[in-house]
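Here are my notes for you, with the model alongside. Have a look through it first, then read on.

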Amino acid sequence: MGLEVATATGTMSPAAKKRLDGWRKAAAPAPPLTNIVAILPGRDRAQPAILLMAHHDSVWGSPAAADDGAGVASVLETIRAIKAGGQPRRDVMVLLTDGEELGLEGAKAFFATDPRRAHVGVIVNLETRGGGGRATMFETGSDNGAMMDLFGRAVRRPVSTSLSVFIYKKLPNSTDLTVAKKRGYPGFNFAFIGRAGLYHSP
């Protein structure tokens, strides 16, 4: 697709390995974590990049069609659509993380040590919590007035509610954007939640 593509490998934490061993019901060597990082060069490469993020791993026993194959596919389609409109004004970076289901491992590694993190200006994270339905922006961050103004101007039919953040905080889930938010990166978190019975299922 004309992107500058690289991989970054790392080692999962003991807590992540313990969870993986529980899934596979056996203690075995931990596979390496592999993040995929790609950049679509913009006209002004000095400007902070827009980061499109999704995770390419899945829970044990699920083919990841929804969580988060749909996010990965959406990121790639977004890149295709951006390229069709000509070279973007600034870099568009893609981060496909590994180990999200094991404890946000890939995102933790990227935002802690990957030098490309310094080029990130804003994040669009694509997630799921079900098997279909409309993708909705359910989280930004604190002091998000400017972000919501941008969302309202850029999205054809903007829909969001602070109630979704309230509910999300009560759930035992988090996303890769959680890691980035703790480090001060602004972003939008999108997910679909329809057909909840298909979430994390075969």
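The points below go from the whole chain down to one glycine.

1. Keep in mind that this is a predicted model. The protein chain carries six helices and seven strands. Reading from the N terminus, the order is β-α-β-β-α-β-α-β-β-α-α-α-β, so you can tick the elements off as you scroll.

2. On overall shape, the numbers hang together: a compact globule of 202 residues would have a radius of gyration near 17 Å, and the protein chain agrees with its 17 Å. Along the principal axes, the C-alpha trace spans about 50 × 35 × 30 Å.

3. Contacts reach far along the sequence here. Take those between residues at least 6 apart in sequence: 80% of them join residues at least 24 apart. As for burial, 41% of the 202 residues count as buried.

4. Now the surface. The protein chain exposes about 10,700 Å², with carbon and sulfur atoms supplying 59% of it. On charge, there are 25 positive and 18 negative ones, and their mean positions sit 3 Å apart.

5. Where does Gly99 lie? You'll find Gly99 in the loop between strand S4 (92-97) and helix H3 (105-113). Despite the loop setting, Gly99 counts as buried because its relative accessible area is 1%, against a cut-off of under 20%.

6. Which residues does Gly99 touch, leaving out those up to four places away in sequence? They are Leu33, Asp57, Leu104, Glu105 and Gly106. Gly132 is another glycine to look up: it comes 33 residues from Gly99 along the chain, and the two C-alpha atoms are separated by 22 Å.

Key. Residues numbered from 1 in each chain as written. Predicted model: local features only at pLDDT ≥ 70, side-chain atom pairs only at ≥ 80, totals over all residues. Heavy atoms only, no water. Helix = DSSP H or I, 4+ residues; strand = E, 2+ residues; numbered from the N terminus. Rg over C-alpha atoms; globule rule 2.2 N^0.38 Å. Buried < 20%, exposed > 50% of the residue type's maximum accessible area, 1.4 Å probe, protein only. Contact = heavy atoms within 4.5 Å. Areas by Shrake-Rupley, 256 points an atom, 1.4 Å probe, with all protein chains shown as cover. Lys, Arg positive; Asp, Glu negative; His and termini not counted. Charge placed at Lys NZ, Arg CZ, Asp CG, Glu CD.
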